[in-house]
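Subject: Handing over the structure

Dear colleague,

I am passing this structure on to you, with a short account of what was found in it. Please look through it before reading on.

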Amino acid sequence: MREDFVQTAEVQRLLDRASGKTVDGGDDRLKAITRDVVEALMSTIVKYDVSESEFWGAIKYLQDGAGELGLIVPGLGLEHFMDLYMDAKDAEAGYSGGTPRTIEGPLYVENAPLVEGDVNLSDDPDDTDTLYMTGRIAGSEGEAPVNAILHVWHANSHGFYSHFDPTGEQTPFNNRRRIKIGSDGRYAFHSKMPNGYAVPPDGATDRLLKAIGRHGNRPAHVHFFVEAPGYRALTTQINFGDDPFANDDFAFATREGLLPVPQRQGDTAYVAFDFKIQLAASQGDQVFSERARATVAA
């Protein structure tokens with residue numbers, strides 16, 4: 001089959017009708033995006049001569065794997081691609097410096113307790129080392145933003161997150177806090193050391209990655225949101241630089257500047273990490289994306 005089959009008049013008419021371009025009403029931008037996405041899929045089918053059985057097998061995979069889309073998207077590099085795309089747009093707009101952004105992942109939960117001071121994130125006992133993390137949040141000129149909040153969340157030593165733990169044993173909001181930052185911009189917290197983890201065995205993400213010869217492991221890491229009035233909201237995370245998967249993260253979250261190596265002494269690990277955030281150019285810069293997130297009453 002010729003690869004230009006999708007460009008035939010019949011297929012092009014189908015694309016116009018399927019995307020709503022031949023009727024009034026609806027969102028013109030969405031129509032254009034829908035048309036291009038469907039056309040790209042059609043072109044892929046023709047390019048690789050996808051059989052009918054392969055086509056419906058892929059549809060079944062998507063149906064069965066819908067619950068793991070939050071893992072499949074980063075696993076295929078799409079979430080990291082969005083970071084690269086936003087970085088490129090920032091460069092065009094003249095933004096530079098600041099702590100690198102990286103992926104959020106699917107495991108944030110809204111309404112974590114709002115606390116201040118030297119914070120303990122861990123409510124549950126855990127047979128692992130204790131992590132101490134300190135640092136400062138500053139603007140581009142070194143100033144401490146007023147009313148900054150640092151959101152922190154991470155897994156336990158088994159690689160499970162509270163509210164998503166298949167054992168159901170974690171206290172709500174274990175290893176999750178929102179920390180009010182004082183006038184000096186400094187933060188400090190301690191918690192039970194997180195461990196790396198893998199995607200659910202034999203799940204949709206695991207099956208896909210194995211089929212293309214990849215693993216589904218993540219290094220130990222800690223997630224952050226940083227927000228302050230007048231500043232751009234920052235989504236980032238650190239991977240621990242001494243983890244064996246630090247530079248081979250299936251979710252592509254590892255970025256230069258986000259790989260601190262913990263200083264380990266006995267059963268404790270220390271990480272010093274500063275955040276630098278940029279001034280906002282608009283109100284929209286100050287808020288996080290409208291991604292769907294888990295919500296639990298405080």
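The notes below take up the cores, one asparagine and two pockets.

This is a predicted model, in which local features need pLDDT of at least 70 and side-chain atom pairs count only at pLDDT 80 or more, while totals for chains, interfaces and linings use all residues. Residues are numbered from 1 along each chain as its sequence is written, and side-chain values use heavy atoms, with hydrogens and water left out.

The largest nonpolar core (a set of buried Ala, Val, Leu, Ile, Met, Phe, Trp, Tyr and Cys residues joined through side-chain atoms within 4.5 Å; buried means under 20% relative accessible area, with a 1.4 Å probe and protein chains only) has 28 residues, and Leu150, Phe189, Phe224 and Phe275 have the most contacts inside it. Two or more residues each come to this core from β4 (130-138), β5 (149-153), β7 (186-192), β10 (221-227), β11 (234-239) and β13 (268-272), strands being DSSP runs of E of at least two residues and helices runs of H or I of at least four, numbered from the N terminus. A second, separate core of 8 residues includes Tyr108, Trp153, Ala155 and Tyr161.

Asn174 lies in the loop between β5 and β6 (176-180), and it counts as buried because its relative accessibility is 3%. Its side chain makes a polar contact of 2.8 Å with the side chain of Gln170 (a pair of N or O atoms within 3.5 Å, where within protein one must be able to donate a hydrogen and the other to accept it, and residues adjacent in sequence count only if both atoms are side-chain atoms). A polar atom of the Asn174 side chain also lies 3.2 Å from the backbone nitrogen of Asp124.

As for the pockets (open sets of points on a 1 Å grid over the protein atoms alone, where a 1.4 Å probe fits, with protein on both sides within 12 Å along at least five of seven lines; lining residues have an atom within 4 Å of a point), the largest is lined by 33 residues, of which Asp83, Met86, Arg101, Ala233 and Thr235 lie nearest its centre. Two or more lining residues each come from α5 (78-93) and β11, and α5 gives the most, with 8 residues. The second largest pocket is lined by 14 residues, with Leu41, Ile45, Phe55, Ala58 and Leu62 nearest its centre; α2 (28-47) and α3 (52-64) each give two or more residues to that lining, and α2 gives the most, with 7.

With best regards

How values were computed:
Buried < 20%, exposed > 50% of the residue type's maximum accessible area, 1.4 Å probe, protein only.
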